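Ready for some practice in reading a protein model? Work through the exercises below with the structure open beside you, and try each one before you look at its solution.

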2 protein chains.
Amino acid sequence: MNLNPADAQFLKEGYLMAPLSDTEFADVLAHANVRTLTQGECLFNQGDPVTHFFFVLSGVINLCRVAPSGEEKVMDLVRPGFFFAEAAMFMGGRYPVNARGLEATRVVALDSKHFVGLVRGNGDLCLRLLSKMSRRMHEMINEIDNLTLHSGAQRVIGYLLEQLPEGAASPSVKLSVPKHVIASRLGIQPETLSRVLAKLRGKQLIDVHDDMIVLNDVDALRRLS
Amino acid sequence: MNLNPADAQFLKEGYLMAPLSDTEFADVLAHANVRTLTQGECLFNQGDPVTHFFFVLSGVINLCRVAPSGEEKVMDLVRPGFFFAEAAMFMGGRYPVNARGLEATRVVALDSKHFVGLVRGNGDLCLRLLSKMSRRMHEMINEIDNLTLHSGAQRVIGYLLEQLPEGAASPSVKLSVPKHVIASRLGIQPETLSRVLAKLRGKQLIDVHDDMIVLNDVDALRRLS
DNA sequence: CCATCTGATTGACCTAAATCAAGGCGGGAT
DNA sequence: ATCCCGCCTTGATTTAGGTCAATCAGATGG
């Protein structure tokens, strides 16, 4: 089944696709298709030869391994917006785990040989990919640091400052997603986010108008994060 | 200044070096040297041409950017065991940030052109790197999930199960690092780790003898994580 | 042998944030 | 209009885990 434009756009934002030029991406798309899995349906088994790697559009994929003792161990749960089996794709050989839909799930299946060929034949693309992945890893390290050594309030402030465009005229942020999604990304409950914003509003540091937040004192906020 | 064997070993464990063969690594080492920075000393400036990328041996590196408005913004703090400026190395051009020692700091400076040349001339190496980085990213995603949606006790149990060798005869774990380091990795205080272990001991789920921990009921523990 | 130091443990206490519960508000559909 | 139904906010309560502090066991060293 082919990808619709919304799926393609979502896929393009994935870290393995973002570094591709438009023509390269179109080339990859020509070797891709959508698979819809029912709950529990198997996508591939441990030991199968690697033919594709995947990107989750919706639902959740369960990557599990069957130990010699027979018990099944969940190795990873893959959520929308993330790839899986890319490491296997790059190395070739056989899949080290089973992949099943944990619920009804849609994935993009991308041709493994084709993508490896693309990377092999293009040193520049390879370096772009490595560069992109390096940056992503630094972001994730920072995210882990934030979660462990900053308070919820500090993470909220950090998020607001992050969203602030570089040289913006008025220091204001428009939230592009519902507040409960932001709360989840920051690792806090929606109630807590609401309370933090209320407290900052009380201190005159910000103004909140629905999804529009004006940062009244960027310096003070920066000192708090 | 040259690397001593301990430094080289530490560097080899970094994600960019782990995929290299011994001869490739030796080749990289031949183009590497150690720089010792005093507190506040500059390693490179924003806008300098990219000549090296780096690995922190000890201390902390402060990566900061000077905004047009003149104020200095800390972009990243890099701790021992991590690389920095690798993304810039892969892309070439100029460093997008300043790098300074936040305290007295030792780093390995690796020749940028040489490493890029190595990767460019060796498609297999390139794929090994991409594969390794993919795996690392999955690990980090899991770490973030753990931090946000598991309790401290669950993370401790998860850690113990992780350390458990695949088909070990006796289900026991020998802690290779001091407890306070483990606590830090799990994002909790040493006191909390101690309490969690005490509670598990109280429930007869584990036995603790100094740095040796025996898992009495692996299944029960697995259910709790 | 004692002095000291480091890491681990335990207790008392406190704070940040989760949870539970009750409205409020705007946008659709009927 | 009225009724819902998400989404957000706010309040009351609970709890996990951090902080502070005392103690203890081993290690090191004079």
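Helices and strands here are DSSP runs, with at least four residues for a helix and at least two for a strand, numbered from the N terminus. Keep in mind that this is a predicted model.

**Exercise 1.** Find the loop that holds A:Ala85, then decide whether A:Ala85 is buried or exposed.

*Solution.* Start with the neighbours: strand S6 (83-84) and helix H3 (86-91) of chain A lie on either side of the loop where A:Ala85 is found. Next, take the relative accessibility of A:Ala85, which is 14%. Buried means under 20%, so A:Ala85 counts as buried. While you're there, check the backbone: phi of A:Ala85 is near 65 degrees, a positive value in a residue other than glycine.

**Exercise 2.** Do the same for B:Asp210: which loop is it in, and is it buried or exposed?

*Solution.* First, the place: B:Asp210 sits in the loop between strand S10 (206-209) and strand S11 (212-215) of chain B. Then the cover: its relative accessibility is 67%. The cut-off for exposed is over 50%, so B:Asp210 counts as exposed. Phi is positive here too, near 55 degrees, and B:Asp210 is not a glycine.

**Exercise 3.** Work out the strand order in the open sheet of chain A that contains S11, and explain why one side of S9 and of S10 has no neighbour.

*Solution.* Step one: the order is S9-S11-S10, with antiparallel pairing. Step two: S9 (172-174) and S10 (206-209) of chain A are at the edges with a single partner strand each, so one side of each has no neighbour in the sheet. Step three: from one strand to the next, the twist averages 15 degrees. Finally, zoom in on one pair: S9(A) and S11(A) (residues 212-215) are joined by three bridges, and A:Lys174 stands opposite A:Met212.

**Exercise 4.** Which strands of chain B pair with S3(B), and over how many bridges?

*Solution.* Begin with S8 (residues 105-111) of chain B, which pairs with S3(B) in the antiparallel sense over six bridges. In this pair, B:His52 has B:Asp111 as its bridge partner. Now go to S6 (residues 83-84) of chain B: its pairing with S3(B) is also antiparallel, over two bridges. Here B:Phe55 faces B:Phe83. As a last step, look at the cover of S3(B) (residues 52-58): five of its seven residues are buried.

Key. Residues are numbered from 1 along each chain as its sequence is written. Chains are lettered from A and ligands numbered from 1 in the order in which they are written. This is a predicted model: local features need pLDDT of at least 70, side-chain atom pairs count only at pLDDT 80 or more; totals for chains, interfaces and linings use all residues. Side-chain values use heavy atoms; hydrogens and water are left out. Buried means under 20% relative accessible area, exposed over 50%, partly exposed in between (1.4 Å probe, protein chains only). Two strands pair if DSSP finds at least two bridges between them. Axes are lines fitted to C-alpha atoms, for helices over the stretch in contact, and angles run from 0 to 180 degrees between N-to-C directions.
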